[in-house]
Amino acid sequence: MTQHTTTAAKFHPGKIVATPGALEALRASGQSPEIFLAAHLEGYWGGELDEEDRQLNDEALIDGSRILSAYRTIRGERIWIITEAVGDDGRRASTCLLLPSEY
């Protein structure tokens, strides 16, 4: 993942959680979950998404639907971050860091 300048969050994450697999992958890479979480909240969806998924995320910023980001640790392990919506008002229930295999 490339470094980027910190900007303001584009949405509220709700409750932040992580799976054991994601935490272990981050520990093994020596990377902090906050690095990936900050990118997700700033609207940098990661280099692992196609253009359609990026567009859906951009629309989700407006309509409050689910947001998915996909990154790789420096060791090559894929990490997803998914923010779930509560309802139609754009509020977010939770954000989870996980491995794709844990979905």
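# A friendly tour of the strands and charges

Modeller: In this predicted model, 6 bridges join β2 to β3, and the two strands run antiparallel.

Colleague: Thanks, that helps me find my place. Which residue in β3 is the bridge partner of A70?

Modeller: Start from the pairing of β2 with β3, which is antiparallel. Strand β2 covers residues 67-72, and strand β3 covers residues 78-85. In β3, A70 has as its bridge partner W80.

Colleague: And which residue in the turn of that hairpin has a positive phi?

Modeller: β2 and β3 form a hairpin, with 5 residues between them. In the turn, a positive phi of about 90 degrees belongs to G76.

Colleague: Let's move on to β4. Do strands β3 and β4 run parallel or antiparallel?

Modeller: Strand β3 is joined to β4 by 6 bridges. Two of the pairings can be found by eye: T83 stands opposite T95, and A85 has R92 as its bridge partner in β4. The direction of β3 and β4 is antiparallel.

Colleague: How many bridges join strand β1 to β4?

Modeller: Strand β1 takes in residues 15-18, and it runs parallel to β4. Within this pairing, V17 stands opposite C96. The number of bridges joining β1 to β4 is 4.

Colleague: With those neighbours, how many of the 7 residues in β4 are buried?

Modeller: Strand β4 spans residues 92-98 and is mostly covered. Buried here means under 20% relative accessible area. In β4, the number of buried residues is 5.

Colleague: Now the charges, please. How many salt bridges does a search of the whole structure find?

Modeller: One joins the side chains of R27 and E24, and another joins those of R72 and E48. E48 also meets R78 in a salt bridge. The search of the whole structure gives a count of 3.

Colleague: How far apart in sequence are R27 and E24, and in which helix do they lie?

Modeller: Their side chains meet at 2.6 Å, N to O. R27 is exposed at 56% relative accessible area, while E24 is partly exposed at 39%. The two are 3 residues apart, about one turn of the helix, and that helix is α1 (residues 20-29).

Colleague: Why does the pair of R72 and E48 tie together separate parts of the chain?

Modeller: The side chains of R72 and E48 meet at 3.2 Å, N to O. R72 lies in strand β2 and E48 in the loop between α2 (33-41) and α3, so the pair ties together parts whose separation in sequence is 24 residues.

Colleague: Which residues are joined with E48 into one network by salt bridges that share partners?

Modeller: The side chains of E48 and R78 meet at 3.6 Å, N to O. R78 lies in strand β3 and E48 in the loop between α2 and α3, so this pair ties together parts 30 residues apart in sequence. Through shared partners, E48 is in one network with R72 and R78.

Colleague: One last stop, at E52. Is E52 buried or exposed?

Modeller: E52 sits in helix α3 (residues 51-63). On the surface, E52 gathers with D50, E51, D58, E59 and D63 in a patch of negative charge. The cut-off for exposed is over 50%, and E52 has a relative accessible area of 57%, so E52 counts as exposed.

Note on methods
Residues are numbered from 1 along each chain as its sequence is written. This is a predicted model: local features need pLDDT of at least 70, side-chain atom pairs count only at pLDDT 80 or more; totals for chains, interfaces and linings use all residues. Side-chain values use heavy atoms; hydrogens and water are left out. Patches are made of residues with over 30% relative accessible area and no salt bridge: like charges are joined within 9 Å, nonpolar side chains (Val, Leu, Ile, Met, Phe, Trp, Tyr) within 5 Å. Accessible areas come from the Shrake-Rupley method with a 1.4 Å probe; for residues, only the protein chains shown count as cover. A salt bridge is a side-chain nitrogen of Lys or Arg within 4 Å of a carboxyl oxygen of Asp or Glu. Lys and Arg count as positive and Asp and Glu as negative; His and the chain ends are not counted. The place of a charge is taken as NZ of Lys, CZ of Arg, CG of Asp or CD of Glu. Buried means under 20% relative accessible area, exposed over 50%, partly exposed in between (1.4 Å probe, protein chains only). Two strands pair if DSSP finds at least two bridges between them.
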